[in-house]
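Q: I should like a close look at one part of this model. Please set that part in the context of the whole chain and of other sites that can be described in like terms.

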Amino acid sequence: MSLADLFIIAVGLSMDAFAVSICKGLSVRRMQPRHALICGVWFGAFQALMPLLGYWLGSGFAGIIGSFGHWVAFVLLGLIGANMVRESFGEEEEVTPDFSPKAMLPLAVATSIDAFAVGVSFAATGTDIVAAVSFVGVITFLLSAAGVKIGNLFGTRYKAAAERAGGVVLILMGLKILLEGLGILTL
């Protein structure tokens, strides 16, 4: 998987955290830099940790998966992307202005569950996990921190669109991996 592919996947995965960060920014009357830093650290760390855990689990199956790795990546990324798109049309969740660990931990876990499955697909495709979790963590940190500011300025107007875009990106990356694995697409 190329660095450009990893970057695109990182952006797609970070869209859930970005959307929640927008809501967190909306929930505070006066945004402070610490609000952006707290969201960035929590979401970035968990978005990096979960694919690492998924990779470790998936590495045990990599030998079994072997030549079907591109199918595994396609199915996992497709399902995750489709779920993100579906959720973007659902009810908006209430987000409080609480930035304590008690409030942030469940949000960080909830927004990073998808990244666990992507970590399994990283193992199936033999992706460099250090580069992958670095990209995912840093991109999520940056977008989450920016999301707090955007939410504080503009409100939730971009939340659903961000989730939809992230879902579509993951579906397209899964399709690209499948087509490359089948020898139909060479980039």
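The request in detail comes next, followed by a single connected answer.

In which helix is His35 placed, is its side chain environment buried or exposed by relative accessible area, and which residues does it touch beyond those up to four places away in sequence?

A: The model is a predicted one, and the chain as a whole gives the setting for His35. Six helices and zero strands make up its secondary structure, and along the sequence these elements run α-α-α-α-α-α. The chain is as compact as a globular protein of its length, because its radius of gyration of 16 Å is close to the 16 Å that the globule rule gives for 187 residues. Taken along the principal axes, the C-alpha atoms fill a box of roughly 55 × 25 × 25 Å. Buried residues account for 48% of the 187. Among contacts between residues at least 6 apart in sequence, 94% join residues at least 24 apart.

His35 itself is placed in helix α2, which spans residues 33–65. Its relative accessible area is 6%, so His35 is buried, the limit for that class being under 20%. Once residues up to four places away in sequence are set aside, His35 touches Val28, Arg30, Phe99 and Val148. A separate distance places His35 relative to Ile139: these two residues are 104 apart along the chain, and their C-alpha atoms are separated by 17 Å.

Gly147 offers a second site for study, in helix α5 (residues 129–154). Gly147 counts as buried, with 0% relative accessibility. Its contacts, leaving aside neighbours within four places in sequence, are with Phe18, Ser21 and Ile22. Gly147 and Ala17 are 130 residues apart in sequence, yet their C-alpha atoms are 8.4 Å apart in space.

Two further sites share Leu77 as a contact. Ser121, in helix α4 (residues 101–125), is buried at a relative accessible area of 2%. Ser121 touches Ala73 and Leu76 as well as Leu77, again not counting residues up to four places away in sequence. Ile171 belongs to helix α6 (residues 159–181). With a relative accessible area of 31%, Ile171 is partly exposed. Besides Leu77, Ile171 touches Gly78, Gly81 and Ala82, on that basis of leaving out residues up to four places away. Ile22, which is in contact with Gly147, can also be located from Ile171: the two are 149 residues apart in sequence and 23 Å apart in space, C-alpha to C-alpha.

The cysteines may be considered next. The count of disulfides comes to zero. Cys23 is in no disulfide, because the nearest cysteine sulfur, that of Cys39, is 10 Å away and the pairing rule requires sulfur atoms within 2.5 Å. Cys39 is likewise in no disulfide, its nearest cysteine sulfur being that of Cys23, 10 Å away. Cys23 is buried, with a relative accessible area of 6%, and Cys39 counts as buried at 0% relative accessibility.

The surface and the charges complete the account. The accessible surface of the chain comes to about 9000 Å², and 70% of this belongs to carbon and sulfur atoms. There are 11 positive and 12 negative side chains, with the centres of the two sets lying 11 Å apart.

To return to the request, His35 is a buried residue of helix α2, in contact with Val28, Arg30, Phe99 and Val148 when residues up to four places away are not counted.

Definitions and conventions
Residues numbered from 1 in each chain as written. Predicted model: local features only at pLDDT ≥ 70, side-chain atom pairs only at ≥ 80, totals over all residues. Heavy atoms only, no water. Helix = DSSP H or I, 4+ residues; strand = E, 2+ residues; numbered from the N terminus. Rg over C-alpha atoms; globule rule 2.2 N^0.38 Å. Buried < 20%, exposed > 50% of the residue type's maximum accessible area, 1.4 Å probe, protein only. Contact = heavy atoms within 4.5 Å. Areas by Shrake-Rupley, 256 points an atom, 1.4 Å probe, with all protein chains shown as cover. Lys, Arg positive; Asp, Glu negative; His and termini not counted. Charge placed at Lys NZ, Arg CZ, Asp CG, Glu CD.
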